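New notebook page. I want to look up a helix, then the chain around it, then where the chains touch.

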Amino acid sequence: MPTLLSIHPEILRVAVTVGVMAVLLALSNRRLIVVPLMLQYVLVATLVGSELTQPIFIIRLTLGVAISTIIFITSAHMQQALDDRQTTDVGRRIARPSFPLSMGRGFRLLTLALAMLMAYGLWDAYAWGTVPADVALAACMLLAIGLALALISTDPLYLGVGALILLSGFETIYLYLEASLLVVALLGMLDILVAMAVSFGCESWLDAFVQKETP
Amino acid sequence: MILPLLAAPFVAALGVWLVRYLRSVAATIAALAALTVAFLALYGIDTAPFIVLGRTLALDAATRVHLAVPMVLLAITMASSARLPERDTAWPLAFAGIGLIILSLAIQNILLGTLILQSGLVVLAMLIPLRSDDPTPINLRALLILVMAGILLSTAAWLIEHPAAGTEAIPEYMGPVALIAGYGVILGAFPFFVWKLPIYRTESSIARTMFGVVLPHLLLVRIIGLQMGELAPAGDMLAIILLNVGIATFIVGCIGALVQRSVSGLLGYMAISELGVVLMGLGSDTMATRALGMTHLIQRGMAIVAMSMGVAILRHSFASDHLSDLRGAFRRAPLASLGILLAGFSLAGLPPLAGFVTRFALYRIIAIENLQWAIALAVIGLAPAWAMVRLAITAFQVTPVPGSQQEPVWPGAWVLVMGLVTLAWGLVPQALAHLPANWASLLYGLTGFGN
């Protein structure tokens with residue numbers, strides 16, 4: 001069973017990429033969250049495309065761009081709307097709306113690091129059969145990071161992005177096992193629907209939050 | 001004849017989306033569209049499978065019959081939704097979700113079916129509205145749960161499709177067990193019920209009906225349909241799981257209902273407890289108990305829809321559904337109050353309402369095997385009834401809450417009619433015995449018409 005310390009550049013590449021992604025997720029604000037999201041889509045597309053076929057690489061990459069665009073538009077709108085809440089229409093300054101406090105960036109970074117460690121342990125503990133080691137490692141890490149991010153986040157956007165990363169991790173290994181055109185198409189449709197649901201949910205939350213905060 | 005059935009929900013979604021700002025028109029069209037889907041489900045009941053791109057699309061007769069039942073209930077919900085708080089996007093999203101779920105049931109490939117089912121669930125997650133006084137993102141939390149359940153289902157489907165993957169680490173029954181677990185999460189059975197409770201507290205009757213009635217009904221029929229096929233490697237494990245999970249779900253639902261202080265909370269826990277009764281019936285694994293389970297599933301659906309619409313009416317009239325705010329509810333909302341009480345007591349299993357008949361029959365069957373358990377379940381089963389008595393006492397107080405307004409008449413009338421149907425069914429339970437034998441066996445036994 002290959003380990004992280006053995007000379008496998010693919011394994012190291014996956015681990016480093018996912019690590020960078022986790023750091024960016026932990027430290028970024030709403031507008032920049034699309035960067036680690038796109039990074040993981042590039043990673044998944046590269047892994048799956050290199051093991052399977054080029055068209056799948058192009059399809060997954062295009063999908064990643066589309067989903068990232070949807071999330072970017074949503075995040076920008078959310079941030080803009082929350083920033084605009086600082087003043088009212090008659091110029092009275094009101095306190096910045098109270099936002100469900102999260103535990104902060106340090107906590108998020110630590111949690112994602114622990115999630116990566118658990119994922120590595122899971123990857124190392126089981127034989128993955130015909131699945132290449134780098135694909136299995138990427139899948140485990142994305143599943144763990146996505147789940148951890150969704151569970152610790154109070155911000156609905158981060159919760160949604162966590163769900164997207166979780167799904168992406170599952171699809172990494174699933175596409176390797178079932179790469180028929182219909183499965184690729186259905187998974188793509190599912191990804192787009194989840195992104196739209198995240199966007200829709202965030203907009204609904206924003207409407208409800210603004211309505212609650214309006215005096 | 002399956003293509004019109006598969007296409008109808010998507011056409012309805014588009015049509016309703018175009019007129020969504022004309023609420024009365026949209027609600028009417030939505031109700032008619034739901035009835036059309038029910039009609040199409042029954043019309044071509046013995047139609048031949050359809051093959052497209054090498055994939056077979058077919059719905060067996062039992063699934064068609066059990067598709068028609070919740071669609072009629074959904075039509076009733078939609079018909080009354082114009083006068084009640086409902087987002088403009090609720091109608092098209094409901095139909096889009098139903099279309100994907102029906103497609104997932106029709107495709108004769110479990111792997112593809114689970115992927116399409118996941119898509120349908122994601123669309124339904126968008127149905128869940130947020131409360132203006134509490135913007136907790138329950139919709140996104142539900143989405144997360146449904147994504148995880150979908151992952152479990154897809155993994156299970158792959159394991160079932162590839163039994164040669166069975167090793168000591170992954171025995172052959174893992175696929176079926178994972179499939180049951182995935183369905184259990186979506187159904188909201190014990191211990192996965194927590195994510196569903198906030199949905200019952202939302203403002204949307206359509207969301208409550210979809211998650212509380214339509215989805216469980218279709219998925220449970222699906223599980224029974226898979227019993228002889230993809231779930232066969234699980235053997236007797238399926239029945240044991242259904243029975244024990246059913247008992248646990250029933251107990252949790254009853255105890256939870258006892259401490260609720262709002263009608264929506266009470267509805268949520270009673271819906272869970274009655275799901276437990278259905279699972280107990282299906283898990284007892286005889287034709288008689290399966291018939292009891294399916295009968296209870298239909299009665300449960302009717303009562304949940306009635307109470308769900310009633311909750312929306314109470315919120316319209318009293319701006320709240322907390323018991324403390326519903327003093328004298330009978331004076332301001334007599335139709336809805338009476339309908340809620342009839343439906344609620346049916347869910348609580350009190351005579352002479354419909355829920356009592358099936359519950360009592362199930363208790364008797366369990367008593368044959370284990371008398372102590374039957375007595376314990378019967379005692380615990382009284383808890384929701386006590387909660388409903390509290391509601392009744394509050395509703396029949398003389399002086400209504402200041403500032404409350406009269407109920408909208410037509411939605412209230414629908415609630416009362418459905419409550420009276422549960423009463424009539426309880427008084428004359430043998431009425432449906434007059435159904436033609438084929439239809440009765442499809443409805444209660446999921447057999448017949450070549451099944």
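**Entry 1: a helix length check.** I started with α18(B), in what is a predicted model. Its 19 residues, at 1.5 Å a residue, ought to span 27 Å. I looked up the end C-alpha atoms of α18(B) and they are 27 Å apart, so expectation and model agree. My note on the sum: the expected span takes 1.5 Å times one less than the number of residues.

**Entry 2: what is buried there.** Which residues of α18(B) are buried? I listed B:P411, B:G412, B:W414, B:V415, B:L416, B:M418, B:G419, B:T422, B:W425 and B:G426. A general reminder I jotted beside the list: an α-helix has 3.6 residues a turn, so residues three or four places apart point the same way. Next I asked what the buried residues of α18(B) pack against. In chain B they meet α3 (61-79), α12 (287-318), α14 (334-347) and α15.

**Entry 3: one of those partners.** I picked α15(B), residues 354-369, to go with α18(B), residues 409-427. Two packed helices are described by the angle between their axes and the distance between the axes, so I looked up both. The axes of α15(B) and α18(B) come within 6 Å and cross at roughly 45°. That falls outside the roughly parallel class, which needs angles under 35 degrees, and outside the roughly perpendicular one, which runs from 65 to 115. The two helices are therefore oblique to each other.

Who meets whom? From α15(B) I noted B:A354, B:F356 and B:V357, and from α18(B) B:T422, B:W425 and B:G426. By class, this contact has 4 nonpolar and 2 polar residues, with no charged ones.

**Entry 4: stepping back to chain B.** I found 19 helices and 2 strands in chain B. Its radius of gyration is 21 Å, close to the 22 Å the globule rule gives for 451 residues, so chain B is as compact as a globular protein of that length. Along the principal axes, its C-alpha atoms fill a box of roughly 70 × 55 × 45 Å. Of the 451 residues, 59% count as buried. I also looked at contacts in chain B between residues at least 6 apart in sequence: 77% of these join residues at least 24 apart.

**Entry 5: where chain A touches chain B.** How many residues are in contact? I got 28 from chain A and 25 from chain B. On the chain A side, the elements giving two or more residues are α6 (156-177) and α7 (181-213). α7(A) gives the most, with 17 residues. The chain A side divides into 22 nonpolar, 4 polar and 2 charged residues.

Terms used. Residues are numbered from 1 along each chain as its sequence is written. Chains are lettered from A and ligands numbered from 1 in the order in which they are written. This is a predicted model: local features need pLDDT of at least 70, side-chain atom pairs count only at pLDDT 80 or more; totals for chains, interfaces and linings use all residues. Two residues are in contact if their C-beta atoms, placed from the backbone, lie within 7 Å. Helices (H or I, at least four residues) and strands (E, at least two) are DSSP runs, numbered from the N terminus. Ala, Val, Leu, Ile, Met, Phe, Trp, Tyr, Cys and Pro count as nonpolar, Asp, Glu, Lys and Arg as charged, and the others, Gly among them, as polar. Axes are lines fitted to C-alpha atoms, for helices over the stretch in contact, and angles run from 0 to 180 degrees between N-to-C directions. Angles under 35 degrees count as roughly parallel, over 145 as roughly antiparallel, 65 to 115 as roughly perpendicular and the rest as oblique. A residue is buried if 20 or more other C-beta atoms lie within 10 Å of its own, exposed if 12 or fewer, and partly exposed in between; C-beta atoms are placed from the backbone. The radius of gyration is taken over C-alpha atoms; the globule rule is 2.2 Å times the number of residues to the power 0.38.
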